[in-house]
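Hello,

Here is the structure I said I would pass on. My notes follow below it.

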Amino acid sequence: MVGYIFKAENTVTGKTYIGKYYSVRFDKKYIGNDSSVLDDAKKYGTDKFIVNMIKACETVKECDFCYDAILKELNAKNDPKFYNAKQMVSDVPEAEKPVKKSRKKKAVDEE
């Protein structure tokens, strides 16, 4: 195993986080690194989270593929019962990403 997909459920709020973690061992105390999850862990305590492994993965590629598939299957990006229900810039199609503007000013020739 090089990693795994896990579910961390907050027993106080009922919200769930689906995460992936690259490790050769399952860590039932690892609840993820999402800021919303960590905020709730600080507020309610990490003991209020139940962590279960969903899938053990043999390769990084398998882990990434399965993570995306599980998020889609559970509709976790759109369901407010999940901490995952927030859109990341990496989730936005390339055509919809804002164009970065250059800070350099172009010189204008005045005659």
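Is Y21 buried, partly exposed or exposed? Y21 is partly exposed, with a relative accessible area of 26%. Please bear in mind that this is a predicted model, and that the values here are computed from it.

Aromatic residues

There are seven aromatic pairs. In one of them, Y4 and Y21 meet edge-to-face, with 5.9 Å from centre to centre and 75° between the planes. The label follows from the angle, because planes over 60 degrees apart count as edge-to-face. Y4 belongs to strand β1 (residues 3-10) and Y21 to strand β2 (residues 16-21), so this pair ties together parts that are 17 residues apart in sequence. As for the other ring of the pair, Y4 is buried, at a relative accessible area of 0%. Both residues belong to one aromatic cluster, which also takes in F6, Y17, F26 and Y30.

N10

N10 is also in strand β1. N10 counts as buried, since its relative accessibility is 0% and the cut-off for buried is under 20%. The side chain of N10 has a polar atom 2.8 Å from the backbone nitrogen of V12. The backbone nitrogen of T13, in turn, is 3.1 Å from a polar atom of the N10 side chain. Setting aside neighbours within four places in sequence, N10 has contacts with K15, D40, Y44, K48, F49 and Y83.

Helix α1

D40, one of the contacts of N10, is in helix α1 (residues 35-44), where V37, D40 and A41 are buried. These three cover an arc of only 105° around the axis, so they are on the same side of α1. The background is that an α-helix has 3.6 residues a turn, so residues three or four places apart point the same way. D39, K42 and K43 are exposed, on the other side of α1. What do the buried residues of α1 pack against? They pack against β1, β2 and β3 (49-57).

The surroundings of the helix are as follows. At the N-terminal end, D34 acts as the cap of α1, with a side-chain oxygen 2.9 Å from the backbone nitrogen of S36. After α1 comes G45, which has a positive phi, near 100°.

To go through this in the viewer, you could begin with the pair of Y4 and Y21, go on to N10 in β1, and end with the buried residues V37, D40 and A41 of α1.

Regards

How values were computed: Residues numbered from 1 in each chain as written. Predicted model: local features only at pLDDT ≥ 70, side-chain atom pairs only at ≥ 80, totals over all residues. Heavy atoms only, no water. Phe/Tyr/Trp six-rings, centres within 6.5 Å; stacked < 30°, edge-to-face > 60°. Helix = DSSP H or I, 4+ residues; strand = E, 2+ residues; numbered from the N terminus. Buried < 20%, exposed > 50% of the residue type's maximum accessible area, 1.4 Å probe, protein only. Polar contact = N/O pair within 3.5 Å; in protein donor to acceptor, adjacent residues only side chain to side chain. Contact = heavy atoms within 4.5 Å. Arc of directions from axis to C-beta.
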